[in-house]
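Trainee: I would like to learn how to read a few features of a model. Can we begin with strands and then go on to a helix and a ligand site?

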Amino acid sequence: MTAGDFDAYGRYVNPAQACFLAMVGRGWRFARAEGCALFTEDGERYDDWLAGFGALPLGHDPPALRAAMSEAIASGAPNLYSEALNPAAGSLAEKLLRATGWPQGNVHFCNSGAEAVETLLKTAIAATGRSVIVYVSGGYHGCTLGALACMAEGLYRSPFEGAMARFIEVAWGDVAALEAAFAAHAGQVAGVLAEVVQVESGVRRLSRAWLEAARQLCNRDGALLLFDEVQSGLGRTGFLWSFEAEGIEPDAFAVAKGLGGGWVAIGAAVLREGVWTRAFGRYDRAEIHASTMGGNRLACAVGEAVVSIVSDEGFLRAVRERGDRLWAALREELSSRECVENVCGYGLLGAVRLRESEHPWLTWEGMGMPDFAGKPTAGPIAIDRLGRKRVLAQVCGHDWSSVRVEPPLTVDDAACERFVTAMSAATSFLDGVR
Ligand SMILES: Cc1ncc(COP(=O)(O)O)c(C=O)c1O
């Protein structure tokens, strides 16, 4: 890799993004990464509190994943088992299902979170012979068209409106709205798609009452309950899957991001016993939902190593304990800040929600970026301040007033202390300009 390759990204891959990054002083050129740290070409160290939007549960380049990849490559076995029995996929599927407590279930492999969500939606439609998908407002499920149809309204989906007629949105957390959707489409609902912990709308968790209602309505009407665990799964909330904390099980759920440990692209739909068979268990359907690279040996080897580590009860306990210490320290440090509305966190997934300033200059128009007119600025300003303290972070995708808190699950106490100090300085700055 040469220095020119960074410029090539701006020229050939995403000019508007590269220009924006340069304009806001975030055009960093990271040349090395290890654990929870990124290093620029000049050797400056940044703490990574974004962790690949949750795709780095074990941090950058963990030795266990390097070993798993080396072994997979050295084995001489095929990486792709096209039109043949695939032992790598079989082994990872068995591991995922045993860890979930669904030993008779099935797993479909693909390459991303959006594809895993598409698998849930298509499975529900094929299994039930129905076509209505009910989804929860404020979600983020990916950027393919079907997944996008379940996305919160706004920036990500507005150019594609119109193609989404059979997708019915219900207000987040509203049991009556869910009941009304089932009443209006009785016998037509194929599935209900939800994130137990919805990250991009400020990291909020659905109540047990809502989850129970969803489970009962699906049972009664013959629809499938589908959870998106792409960002909240694999130990992120201190449980292997976020739904475990509430004790409500779906019929199928989507996994991706962390399953590839930041090294490989892999997604999976994990399905309860009988669901896959109902949808695709006929000879003429056995290969109609497929992915060329899905289930390749290298990706599955990484997936197995990740699942072994993050499903260990000691690892999960450590995530919960580290998270508890972090949220307590943040709450204490930020308690006197006027600009802080609240701090929420589950395991090592959380957010600091900020109040917007009334100051006329602190608008996107005031800062010379009218493309974002009307969007909150408090979160992006906090992100800028964190960056100056060499902490890489980001706001939530649909809620720019919330600074997401999502480090690698292996983050240590010293990095947590640095984050609390940097957030303290960022919010002190925001209080000063209110
Ligand atoms: C909850 C959730 N679902 C699905 C996706 C889509 O995953 P991918 O970007 O791998 O397609 C994301 C990505 O951020 C996500 O957060």
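Mentor: Start with what pairing means: two strands pair if DSSP finds at least two bridges between them. Keep in mind that this is a predicted model.

Trainee: How many bridges join β1 to β2, and in which direction do the two strands run?

Mentor: In general, strands of a sheet pair through backbone hydrogen bonds, either parallel or antiparallel. Here β1 and β2 (residues 37–40) run antiparallel and are joined by four bridges. One case to look at is Glu 34, whose bridge partner in β2 is Ala 37.

Trainee: What is the order of the strands in the sheet?

Mentor: The order is β1-β2-β3-β15, an open sheet of four strands with mixed pairing. β1 (30–34) and β15 (391–392) each have a single partner strand, so each of these edge strands has one side without a neighbour in the sheet.

Trainee: Now the helix. What span is expected for α6, and what span does it have?

Mentor: The expected value rests on a rise of 1.5 Å a residue, which gives 22 Å for α6. From first C-alpha to last, this helix of 16 residues (113–128) reaches 23 Å, close to that value. After α6 comes Gly 129, with a positive phi near 70°.

Trainee: Is α6 largely enclosed or largely open, and why?

Mentor: The cut-off for buried is under 20% relative accessible area. Twelve of the 16 residues of α6 meet it, so the helix is largely enclosed by the rest of the structure. Among them are Gly 113, Ala 114, Leu 120 and Leu 121.

Trainee: Is Val 13 buried or exposed?

Mentor: Exposed means over 50%. Val 13 has 55% relative accessibility and therefore counts as exposed. Val 13 belongs to helix α1 (residues 3–13).

Trainee: Which residues surround the ligand?

Mentor: The shell includes Ser 112, Gly 113, Ala 114, Tyr 140, His 141 and Lys 257. By class, three residues of the shell are nonpolar, five polar and three charged.

Trainee: Which backbone atoms come close to polar atoms of the ligand?

Mentor: Take the polar contacts in turn. A backbone N or O atom of Gly 113 is 2.8 Å from a ligand oxygen, and a polar backbone atom of Ala 114 is 2.9 Å from an oxygen atom of the ligand. At Tyr 140, a polar backbone atom lies 3.3 Å from a ligand nitrogen. Of the 390 Å² of accessible area that the ligand has on its own, the protein covers 81%.

Methods:
Residues are numbered from 1 along each chain as its sequence is written. This is a predicted model: local features need pLDDT of at least 70, side-chain atom pairs count only at pLDDT 80 or more; totals for chains, interfaces and linings use all residues. Side-chain values use heavy atoms; hydrogens and water are left out. A residue is near a molecule or strand if one of its heavy atoms lies within 4 Å of it. A polar contact is a pair of N or O atoms within 3.5 Å; within protein, one must be able to donate a hydrogen and the other to accept it, and residues adjacent in sequence count only if both atoms are side-chain atoms. Accessible areas come from the Shrake-Rupley method with a 1.4 Å probe; for residues, only the protein chains shown count as cover. Ala, Val, Leu, Ile, Met, Phe, Trp, Tyr, Cys and Pro count as nonpolar, Asp, Glu, Lys and Arg as charged, and the others, Gly among them, as polar. The expected span of a helix is 1.5 Å times one less than its number of residues. Buried means under 20% relative accessible area, exposed over 50%, partly exposed in between (1.4 Å probe, protein chains only).
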